[in-house]
Amino acid sequence: MPEVSIPANRVISGTWGEVWVNNEKWAELSAAQAKFTYNKSAVNMCGAMAEDSKVTSVKGTGSITVAKVFTRNISQADSLMEGHDVRATIVMKLADPDAYGAERVALYNVSFDDETIMDFQHGQMGKTTHPFTFTRREWLDVIRPQ
């Protein structure tokens, strides 16, 4: 069987990542991640020495890191302090011009986990990270093998 070769220029660079929170582009983006963690329960079967497992639920977690240009999420944080559990929709996109296509995913029922009020260090560029959880994702664009 011949070895498959993919040119290095087809590897997607995170430089081209974009994020929108409730349709607002966070242009000062420096990093983003979203993932489902699979929660498993142990399954032991007669006649098998090895313990197996079964996925019983998933937990969506992620984070958005931005350069500190201005204060983010004030209205959301203020609403939470007033007792309102505010939820958001996040769309993440990765579209390197050299890639075979673009990826875009929507995350729904997003709940931010904390409020970074102030975080700085002498001689360092300011940044804040916004961790969150979510319950559903929808692939809007995917990159298919060529």
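Helices (H or I, at least four residues) and strands (E, at least two) are DSSP runs, numbered from the N terminus. One such strand is E5 (residues 88-94), and Lys 93 has its place there.

A word on what you're looking at: this is a predicted model, where local features need pLDDT of at least 70, side-chain atom pairs count only at pLDDT 80 or more, and totals for chains, interfaces and linings use all residues. Residues are numbered from 1 along each chain as its sequence is written, and side-chain values use heavy atoms, with hydrogens and water left out.

**Overall layout**

The protein has 1 helix and 8 strands. Read from the N terminus, the order is β-β-β-β-α-β-β-β-β. Its radius of gyration (over C-alpha atoms) is 20 Å, while a compact globule of 146 residues would come in near 15 Å, going by the rule of 2.2 Å times the number of residues to the power 0.38. The C-alpha trace spans about 55 × 45 × 35 Å along its principal axes.

How much of the protein is buried? Buried residues, meaning those under 20% relative accessible area with a 1.4 Å probe and protein chains only, make up 22% of the 146 residues. The protein exposes about 10,700 Å², with carbon and sulfur atoms supplying 52% of that; the areas come from the Shrake-Rupley method with a 1.4 Å probe.

Taking contact as heavy atoms within 4.5 Å, 67% of the contacts between residues at least 6 apart in sequence join residues at least 24 apart.

**Strand pairing**

Two strands pair if DSSP finds at least two bridges between them. E4 takes part in both of the pairings below.

| Pair | Bridges | Direction | One residue pair |
|---|---|---|---|
| E3 (residues 29-43) and E4 (residues 52-67) | 14 bridges | antiparallel | Ala 31 opposite Thr 65 |
| E4 and E7 (residues 127-134) | 8 bridges | antiparallel | Ala 67 with Lys 127 |

In a regular strand the side chains alternate between the two faces of the sheet.

**Back to Lys 93**

Lys 93 counts as partly exposed because its relative accessible area is 28%, and that class lies between the buried cut-off and the exposed one, which is over 50%. Leaving aside neighbours within four places in sequence, Lys 93 is in contact with Trp 16, Gly 17, Glu 18, Trp 20, Glu 103 and Arg 104. As for His 122, 29 residues from Lys 93 along the chain, the two C-alpha atoms are separated by 33 Å.
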